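Biologist: I'd like to go through this one with you and see what backs up each label. Shall we pull it up?

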Amino acid sequence: MDIKKIREDFPILNRKIRGKTLVYLDNAATTQKPRQVIEALVDFYQNHNANIHRGVHTLSDEATSMVEESRIKTAAFINAPKPETVIFTRNATEAINLVAHSWARKFLKAGDEIVLTEMEHHSNLVPWQMLAAEKQVVLRHIPMTPEGTLDLEAGRKLITAKTKLVSFTAASNALGTLIPVEKIISLAKVAGAKTLVDASQWAPHRALDVVKWDCDFLAFSAHKMLGPTGVGVLYGKEALLEDMDPFLGGGDMISRVQLDRFTPNVLPFKFEAGTPNIADEAAFGQALDYLSAIGLDAIAAHEAALTKKAIETLSALPGVTIYGPKDISQRGGVVSFNVDGLHPHDVGTALDLEGVAVRAGHHCCQPLMNKLKTPGTARASFYIYNTFEEVEALGKALDKAIAFFMKKPAAVR
Ligand SMILES: Cc1ncc(COP(=O)(O)O)c(C=O)c1O
């Protein structure tokens with residue numbers, strides 16, 4: 001990977017923050033966009049803007065083709081058997097809610113069980129809590145070990161004939177833990193349960209093949225992988241998607257409407273009501289091209305090297321606790337940490353003074369934070385454009401922050 005060349009494609013990396021060059025380490029929240037994606041957005045609005053699927057004029061045809069081209073690229077990116085099995089949503093959250101609403105609500109009954117994990121993002125917890133309250137479905141959670149991995153033995157016991165769905169993240173956004181996706185899917189299959197993989201923190205960073213995984217559903221967001229905000233993806237097995245009822249009602253999701261009834265449209269449009277996020281969906285194709293040109297294996301290797309260096313650098317500083325697996329091969333490009341006596345928000349603010357952008361807080365994983373017995377962490381997360389020098393800058397900025405705060409009496413900290 002030619003990082004210098006890659007960085008030239010990201011105009012925002014030239015920004016100064018408080019006089020310092022930006023060091024952007026908040027990629028698990030959202031990634032920056034290369035000019036290829038930005039230019040695709042501008043090109044869309046300057047040259048092709050029209051509503052899609054219903055026009056007979058040239059612009060509408062062009063806009064439709066651009067969105068459908070992105071769908072084909074998305075299908076290829078995850079090895080979905082057909083583009084029709086790729087539904088565009090607003091984000092991963094909406095994709096998971098779609099499954100909860102259109103599949104689980106239709107097919108699950110009181111007493112059925114859904115197995116989640118203690119490491120889920122709120123977007124893979126709350127939709128199921130809402131469903132459980134409505135349908136008296138029982139939620140179970142595969143526990144997290146103190147090291148921040150999943151207790152698979154406990155998982156094996158939790159997934160039973162009562163389990164109808166196992167919905168889990170492929171990689172933890174809070175700790176970086178890589179989850180053994182295929183093992184969990186095979187446990188679910190033995191029990192006859194369906195699976196939903198939240199690939200929000202996997203799809204941007206490592207190769208993914210829905211046929212090999214044989215998952216039933218998969219969700220992720222474009223904005224975490226160089227794409228625009230406002231675009232999410234739900235992949236589902238065709239037969240399941242066919243059996244599901246529409247999520248939202250309105251234009252585009254119908255084939256025929258009378259005053260008192262409607263016939264749903266074919267896949268994928270059955271689940272895409274109303275005018276979609278046309279420009280962003282079209283530009284997402286450029287993000288996928290960009291990632292594919294670099295290659296997912298190279299991306300994963302680069303992030304692993306940055307993560308190793310970050311763990312070495314931060315753990316050499318006084319009072320720093322790093323969370324997540326010790327075994328580097330079990331983690332993605334996320335390093336979550338705390339400094340003794342300091343609130344993560346103070347750490348995040350101090351790093352920002354040095355131009356270093358990290359996330360601080362519970363990372364939408366309050367149950368996981370409760371398990372770690374901390375209100376939150378500071379989190380550095382890496383992507384294709386990050387460099388070893390930036391990891392050093394993080395280390396220096398944290399060292400400076402620690403030195404500054406440690407001079408203050410405890411009550412002021
Ligand atoms: C593991 C995981 N799942 C789901 C989401 C939700 O993504 P979005 O906010 O794009 O819907 C996130 C976002 O941080 C995430 O990290």
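Modeller: Ground rule for contacts: two residues are in contact if their C-beta atoms, placed from the backbone, lie within 7 Å. And keep in mind that this is a predicted model.

Biologist: Fine. Which residues is Leu394 in contact with, leaving aside its neighbours within four places in sequence?

Modeller: Val23, Leu25, Ala310, Val356 and Ala380. Leu394 also sits in the largest nonpolar core, where it is among the residues that touch the most other members. Others in that group include Val99, Ala199 and Tyr235. The core has 117 residues, and at least three come from each of domain 1 and domain 2.

Biologist: What are the bounds of domain 1 and domain 2?

Modeller: Domain 1 is 3–27 + 296–406, and domain 2 is 50–292. Their C-alpha centres are 29 Å apart. The contact between them takes 22 residues from domain 1 and 20 residues from domain 2. On the domain 1 side, helix 11 gives the largest share, five residues. By class that side has 11 nonpolar, six polar and five charged residues.

Biologist: Why is Arg18 called exposed?

Modeller: Exposed takes 12 or fewer other C-beta atoms within 10 Å. Arg18 has 9 such neighbours, so it counts as exposed. Arg18 is in the loop between strand 1 and strand 2, and its phi is positive, about 50°, although Arg18 is not a glycine.

Biologist: And what makes Asp252 partly exposed?

Modeller: Buried needs 20 or more and exposed 12 or fewer, with partly exposed in between. Asp252 has 17 other C-beta atoms within 10 Å, so it is partly exposed. Asp252 has a positive phi too, near 75°, and lies in the loop between helix 9 and strand 11.

Biologist: Why pick out positive phi values at all?

Modeller: Because most residues other than glycine have a negative phi. Most peptide bonds are trans, too. Here a cis bond joins Leu267 and Pro268, with omega about 0°. Pro268 is in the loop between strand 12 and helix 10.

Biologist: How do you know that strand 11 and strand 12 pair?

Modeller: Pairing takes at least two bridges. Strand 11 and strand 12 have four, in the antiparallel sense, so they qualify. Val257 stands opposite Phe262, and a hairpin of two residues joins the strands.

Biologist: Last one: what is the shell around the ligand made of, by class?

Modeller: One nonpolar, 10 polar and one charged. Among the residues there are Ala92, His121, Asp198 and Ser221. Asp counts as charged and Ala as nonpolar, so Asp198 and Ala92 fill those two classes.

Methods
Residues are numbered from 1 along each chain as its sequence is written. This is a predicted model: local features need pLDDT of at least 70, side-chain atom pairs count only at pLDDT 80 or more; totals for chains, interfaces and linings use all residues. A residue is near a molecule or strand if its C-beta atom, placed from the backbone, lies within 6 Å of it. Domain bounds come from an automatic or database domain assignment. A nonpolar core is a set of buried Ala, Val, Leu, Ile, Met, Phe, Trp, Tyr and Cys residues joined through C-beta atoms within 7 Å.
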